[in-house]
Amino acid sequence: MKAAIFESFQGPLKISSVPAPGPRPDSAIIKVEACGICRSDWHGWMGHDSDVQLPHVPGHELAGTVAEVGTDVKAWQPGARVTVPFSCGCGACVQCVSGNQQICDNYTQPGFTQWGAFAEFVEIRHADVNLVLLPDSIDSVTAASLGCRFATSFRGVVRQGRVTGGDVVAVHGCGGVGLSAVMIAAALGARVIAVDINEAQLEKAIECGADATVNAANVHDAVEAVQQLSSGGATVSVDALGSRATCYNSVSCLRKRGRHVQIGLTLGKDADPPIPMSQVIAKELEIVGSHGMQAFEYSEMLQMIEDGKLRPQKLVGELVTLSEACQRLPELDNFASVGAVVIDRFE
């Protein structure tokens with residue numbers, strides 16, 4: 001099969017012909033029809049993630065068709081159209097038994113703990129726990145765009161942030177995760193303030209349902225700007241980027257009893273960002289993380305998409321070939337693209 005491989009961190013990605021994976025007893029082999037290019041993939045390519053072992057094939061935002069299943073797989077047969085959470089559970093550890101497969105103690109993650117979906121085929125371990133059946137109405141490109149960014153944002157906004165129609169939600173960083181969070185919060189009836197330093201991203205946020213925007217590059221104090229627009233502070237604030245500045249600003253812009261949701265990864269130079277803990281105490285703020293979404297939780301999100309309440313296809317900015325993805329992945333930290341970049345041709 002064809003796959004995009006890098007042999008050194010921050011080194012070139014090249015298309016190679018490699019053996020297709022075969023299924024272990026608990027696995028399914030997925031013929032990949034589409035795969036998103038995510039900033040998490042960039043972190044892996046940079047060497048920020050200890051799970052990545054060289055040589056490596058990235059890619060964790062995938063959709064496709066079951067091609068083969070292992071002998072222990074009971075719920076799936078070849079031909080089923082599926083997607084998968086980026087962080088897959090084992091189904092047996094304490095976390096999985098409690099329903100929290102997204103933080104499985106023995107997690108597997110295509111594109112990180114194993115070769116990923118920048119390839120024609122990918123293996124998904126513990127298939128009965130992790131595969132998600134796709135409705136016929138949701139095409140593979142749209143399904144791949146759900147991958148990490150949209151599904152993680154959905155759980156972050158709906159479950160961790162507990163957003164309702166009475167909330168004012170600030171979203172810091174309007175890349176794939178942030179635009180997803182904007183769309184989801186708006187669909188829940190919240191008033192949404194989008195914050196970014198790129199005017200094109202902010203314009204896209206308006207298209208996704210944001211009521212107001214703040215260009216943090218053009219204002220003296222982004223926190224103050226959010227507080228003014230929200231008449232005293234956001235009730236829920238999301239750091240969708242994962243930088244020292246966006247994390248700090250997200251916590252700082254909250255009103256009393258507000259909730260900060262950390263979705264963006266804080267890695268590399270942005271590891272362990274400072275948090276205004278004195279405000280957390282004085283305002284009785286909540287700080288919660290959000291790491292993916294369990295396969296069994298996808299049904300609510302998929303139903304909202306089928307009902308037209310969510311339109312993740314609006315977040316797809318560009319379709320590329322596997323060869324083009326080799327050039328695009330190293331450029332992700334430039335934030336040049338508006339909307340998700342998705343591989344839909346394996347050439």
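The following exercises, with worked solutions, concern one strand and one aromatic pair of this structure.

The model is predicted, so that local features need pLDDT of at least 70 and side-chain atom pairs count only at pLDDT 80 or more, while totals for chains, interfaces and linings use all residues. Residues are numbered from 1 along each chain as its sequence is written, and side-chain values use heavy atoms, without hydrogens and water.

**Exercise 1.** Determine which strands pair with strand β3 and whether β3 is enclosed or not.

*Solution.*
1. Strands (E, at least two residues) are DSSP runs, numbered from the N terminus; two of them pair if DSSP finds at least two bridges between them.
2. Strand β4 (residues 61-69) runs antiparallel to β3 and is joined to β3 by 8 bridges; Ala28 has Val69 as its bridge partner there.
3. Strand β6 (residues 121-124), also antiparallel to β3, contributes 4 bridges, and Lys31 is partnered by Phe121.
4. Strand β15 (residues 340-345) is joined to β3 by 3 bridges, again antiparallel; Ile37 is partnered by Val341.
5. Buried means under 20% relative accessible area, exposed over 50%, and partly exposed in between (1.4 Å probe, protein chains only).
6. Since 8 of the 10 residues of β3 (residues 28-37) are buried, the strand is largely enclosed by the rest of the structure.

**Exercise 2.** Classify the geometry of the aromatic pair.

*Solution.*
1. Rings of Phe, Tyr and Trp (its six-membered ring) pair if their centres lie within 6.5 Å; planes under 30 degrees apart are stacked, over 60 edge-to-face, and the rest tilted.
2. This rule yields 1 aromatic pair.
3. The ring centres of Phe6 and Phe9 are 6.4 Å apart and their planes stand at 50 degrees, so the pair is tilted.
4. Phe6 has a relative accessible area of 0% and is therefore buried, whereas Phe9, at 34%, is partly exposed.
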